[in-house]
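Please open the model in your viewer and keep the sequence panel visible. The tour below proceeds by selection, from the whole chain to individual side chains.

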Amino acid sequence: MPPSARTPLSRDRILRAAIDLADRDGLEGCTMRRIAGELGVEAMSLYRHVKSKDDLLSGLVDLVFGEIELGEPGTRDWQAAMRDRARSQLTALRRHRWAIGLMEGRMRPGPESLRVHDTTLGILREAGFAFRAAVRANSVLDAYVYGFALQERDLPARADGATAEVMREQIRPVPRADAYPYLLEAMGEFAAAGYDYDAEFSAGLELILAGIARSRR
């Protein structure tokens, strides 16, 4: 294509190409050279818009934060808002599994990260939570969602009928059945009934919201 007909290179175009690569091949496959290849440019041209690999990662994380949906503080019931936020957050992490473990602690958080954290605290504060109670609620909700997403990514249990075979494989090397009766009971139950991640996530979320509600009072 002649230069005048090409879509101008921009930070957003680079990040969008990079997130597609990361979703497809993981972060290890998301190199500057491969991103440049996807865009049809030289790798060095990317550095005019992305300062480093760490800057690229911060930008990708902020794209994931941008997929988390939140209402405005004071406009709806706080429990409904936190419930929807948690589910939206889990959906984003399911879509971008490479981001699990990378969402917090960026030295230069992007605007979407700032939006999610500020709005979450705003919803809780407007609902009558004291400052520290709001911060703790935000923290425990994040810990639950990130932890659940990590388990879902790494555990072999699935809700598609394969759980029974996985459980049988895990039970087989257990040396003594009577030494682990409660664990084997749970594994047997999941082998028979399957494991529904969405149902288990919702049940755990309701337990956490009930505890957070008590801290508000």
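Begin with the whole protein chain in cartoon representation: read along the sequence, it follows the pattern α-α-α-α-α-α-α-α-α. This is a predicted model, and its protein chain holds nine helices and zero strands. Colour the chain by relative accessibility next; of its 217 residues, 41% count as buried. A contact map gives a further overview: among contacts in the protein chain with a separation of 6 or more, 73% are accounted for by residues 24 or more positions apart.

**The nonpolar core**

Select Ile 35, Leu 56, Leu 60 and Trp 78, which touch the most other members of the largest nonpolar core, a set of 56 residues. Then display the helices that each supply at least two residues of this core: helix 1 (11–25), helix 2 (32–39), helix 3 (53–65), helix 4 (78–95), helix 5, helix 6 (131–154) and helix 9 (197–216). Which helix provides the largest share of the core? That share, nine residues, comes from helix 6.

Centre the view on Leu 56 and show its surroundings. Neighbours within four places in sequence aside, Leu 56 is in contact with Ile 14, Leu 15, Ala 18, Cys 30, Met 32, Ile 35 and Val 50.

**Helix 1 against helix 2**

Keep helix 1 and helix 2 and hide the remainder. Their axes lie 9 Å apart, and the two helices pack at an angle of about 115 degrees. Helix 1 is therefore roughly perpendicular to helix 2, and the crossing is right-handed. To see the residues that meet here, select Arg 13, Ile 14, Ala 17, Ala 18, Leu 21, Arg 24 and Asp 25 in helix 1, together with Arg 34, Ile 35, Glu 38 and Leu 39 in helix 2. Ile 35 thus links two stops of the tour, as it appears in this pairing and among the core residues that touch the most other members.

**Helix 4 against helix 9**

Now switch to helix 4 and helix 9, which pack at an angle of about 140 degrees with their axes 11 Å apart. Is helix 4 roughly perpendicular or oblique to helix 9? At that angle, helix 4 is oblique to helix 9. The crossing of these two helices is right-handed. From helix 4, the contact is made by Trp 78, Gln 79, Met 82, Arg 83, Ala 86, Arg 87, Leu 90 and Arg 94. On the side of helix 9, the participants include Tyr 197, Asp 198, Phe 201, Leu 205 and Arg 216.

**Arg 94**

Zoom in on Arg 94, which is found in helix 4. Its relative accessibility is 26%, so Arg 94 counts as partly exposed. Beyond neighbours within four places in sequence, Arg 94 is in contact with Glu 152, Tyr 197 and Asp 198. Draw a distance between the side chains of Arg 94 and Glu 152 to find the polar contact of 3.0 Å that joins them. Then select the C-alpha atoms of Arg 94 and Arg 153: these residues are 59 residues apart along the chain, yet the two atoms are separated by 8.1 Å.

**Thr 119**

Finish in helix 5 (residues 111–126), where Thr 119 has its place. Why does Thr 119 count as buried? Its relative accessibility is 12%, and buried means under 20%. Show its surroundings as sticks: apart from neighbours within four places in sequence, Thr 119 is in contact with Leu 70, Gly 71 and Pro 73.

Definitions and conventions
Residues numbered from 1 in each chain as written. Predicted model: local features only at pLDDT ≥ 70, side-chain atom pairs only at ≥ 80, totals over all residues. Heavy atoms only, no water. Helix = DSSP H or I, 4+ residues; strand = E, 2+ residues; numbered from the N terminus. Buried < 20%, exposed > 50% of the residue type's maximum accessible area, 1.4 Å probe, protein only. Contact = heavy atoms within 4.5 Å. Core = buried A, V, L, I, M, F, W, Y, C linked by side-chain atoms within 4.5 Å. Polar contact = N/O pair within 3.5 Å; in protein donor to acceptor, adjacent residues only side chain to side chain. Axes fitted to C-alpha atoms, helices over the stretch in contact; angles between N-to-C directions. Parallel < 35°, antiparallel > 145°, perpendicular 65-115°, else oblique. Left-handed = near helix turned anticlockwise from the far one by under 90°.
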